[in-house]
Structures are given as structure tokens and as C-alpha cells.
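Subject: Structure handover and what turned up

Hi,

Here is the structure you asked for. Please open it alongside this note, and my findings follow below.

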Amino acid sequence: QVQLVESGGGLVQAGGSLRLSCAASGRTFSNYAMGWFRQAPGKEREFVAAIRSSGGSTRYAAAVKGRFTISRDNAKNTVYLQMNSLKGVDTAVYYCAAYKGSWYGKPDYWGQGTQVTVSS
């Protein structure tokens, strides 16, 4: 079992930046690929970014590529999402997730989410 707790959400103006953090506890963090997802009001949850267990590879949704950066610190059991050049369409609840298997599959563990609101 892995417990995930997100933090760092809030209200920011368009063009601004935020950094989300996700602290993991439980099983060995470094064994898991990690991801970020988001869900806007009235929409389905969507993939944002993922990083392999070693941190050596990352992948991004087209909508955030070049603006968002996912990273991890396995010594701190934490994964981050640096969000720059934020837009109104980035407003959503952001969820941290952990993958037991392939990072292309459905995550196995989820955090409770943190709200990000971008004002225009």
C-alpha cells in the first residue's frame, strides 16, 4: 500500500507558476513510476505527466509539454510538478498517482487531490 498526499495548490494569475508536491509513504517509493493527473469541473480526469521510478524518463500530455516539469526526489519520497505559464484551462483538481506496473496503464494508488485555480 502507498499513501500519497499532495500539497502546493492554490490561486494564481494567468502566466504565473506553482509547484505541486506529493509526499509518499508506505512501500518503497523508488519502486514506483509516478504521475500527475487533473480533473476540471464537468470533465473526466486526464493524464498530465509521469516519471519512471529512477527519474530517468518522463512523458507529458501535449497540453502541458514545455510548460510543466515533473521530477522526483527518491531520498525524500516526493514527486513534484512545476507548472509555469499557467492558463485558465489549467484550472483543475490535481492528483498524484503511483504505478505498480507500466506507467502507460492505470495507476494503482491515488492521492486526495489539490485544487489549482488560475485566474485570468
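A strand here is a DSSP run of E of at least two residues, numbered from the N terminus. With that in hand, start at Asp90, which is in the loop between strand S8 (78-83) and strand S9 (92-99). Please keep in mind that this is a predicted model.

**The chain as a whole**

The protein chain has 11 strands and zero helices. From the N terminus on, its elements run β-β-β-β-β-β-β-β-β-β-β. The C-alpha trace spans about 40 × 25 × 25 Å along its principal axes. The radius of gyration is 13 Å, which agrees with a compact globule, because a globule of 120 residues would have a value near 14 Å.

Of the 120 residues, 44% are buried. Among contacts with a separation of 6 or more, 55% are between residues 24 or more positions apart. The chain exposes about 6100 Å², and carbon and sulfur atoms supply 46% of that area. On charge, there are 14 positive and 6 negative side chains. The centres of the two sets lie 4 Å apart.

**Asp90**

Is Asp90 buried or exposed? Asp90 has a relative accessible area of 0%, which is under the 20% cut-off, so Asp90 counts as buried. A polar atom of the Asp90 side chain lies 2.8 Å from the backbone nitrogen of Lys87. Beyond its neighbours within four places in sequence, Asp90 is in contact with Arg38, Arg67, Phe68, Ser85, Val116 and Val118.

**Ser85**

One of those partners, Ser85, is also in the loop between S8 and S9. Ser85 is partly exposed, with a relative accessible area of 42%. Have a look at its backbone. Phi of Ser85 is near 50°, a positive value in a residue other than glycine. Most residues other than glycine have a negative phi.

Which residues does Ser85 touch, leaving aside neighbours within four places in sequence? They are Gly15, Gly16, Ser17, Arg67 and Asp90. Gly66 is 19 residues from Ser85 in sequence, and their C-alpha atoms are 9.4 Å apart in space.

**The loop between S2 and S3**

Gly15 is in the loop between strand S2 (10-13) and strand S3 (18-26). Gly15 is exposed, because its relative accessible area of 55% is over the 50% cut-off. Outside its neighbours within four places in sequence, Gly15 is in contact with Ser85 and Leu86. The C-alpha atoms of Gly15 and Val118 are separated by 8.7 Å, although these residues are 103 apart along the chain.

Ser17 is found in that loop between S2 and S3 too. At 39% relative accessibility, Ser17 counts as partly exposed. Its side chain makes a polar contact of 2.9 Å with the side chain of Asn84. Not counting residues up to four places away in sequence, Ser17 touches Val12, Gln82, Met83, Asn84, Ser85 and Leu86. Arg59 is 42 residues from Ser17 along the chain, with 20 Å between the two C-alpha atoms.

Put these together. Both Gly15 and Ser17 touch Ser85, and Ser85 is in turn in contact with Asp90. That links the loop between S2 and S3 to the loop between S8 and S9.

**Asn77**

Where is Asn77? Asn77 is in the loop between strand S7 (68-73) and S8. Asn77 has a positive phi of about 55°, although it is not a glycine. Its relative accessible area is 29%, so Asn77 is partly exposed.

**Thr69**

Thr69 lies in strand S7. Thr69 counts as partly exposed, at 42% relative accessibility. Leaving aside neighbours within four places in sequence, Thr69 is in contact with Tyr60, Tyr80, Leu81 and Gln82. Gln82 is also among the residues that Ser17 touches. The C-alpha atoms of Thr69 and Ala49 are separated by 7.9 Å, and the two residues are 20 apart along the chain.

**Where to look first**

Begin with Asp90, which is buried, and its side-chain approach to the backbone nitrogen of Lys87. Then go to Ser85 and its positive phi. Finish with the polar contact between the side chains of Ser17 and Asn84.

Best wishes

Methods:
Residues numbered from 1 in each chain as written. Predicted model: local features only at pLDDT ≥ 70, side-chain atom pairs only at ≥ 80, totals over all residues. Heavy atoms only, no water. Helix = DSSP H or I, 4+ residues; strand = E, 2+ residues; numbered from the N terminus. Buried < 20%, exposed > 50% of the residue type's maximum accessible area, 1.4 Å probe, protein only. Polar contact = N/O pair within 3.5 Å; in protein donor to acceptor, adjacent residues only side chain to side chain. Contact = heavy atoms within 4.5 Å. Rg over C-alpha atoms; globule rule 2.2 N^0.38 Å. Areas by Shrake-Rupley, 256 points an atom, 1.4 Å probe, with all protein chains shown as cover. Lys, Arg positive; Asp, Glu negative; His and termini not counted. Charge placed at Lys NZ, Arg CZ, Asp CG, Glu CD.
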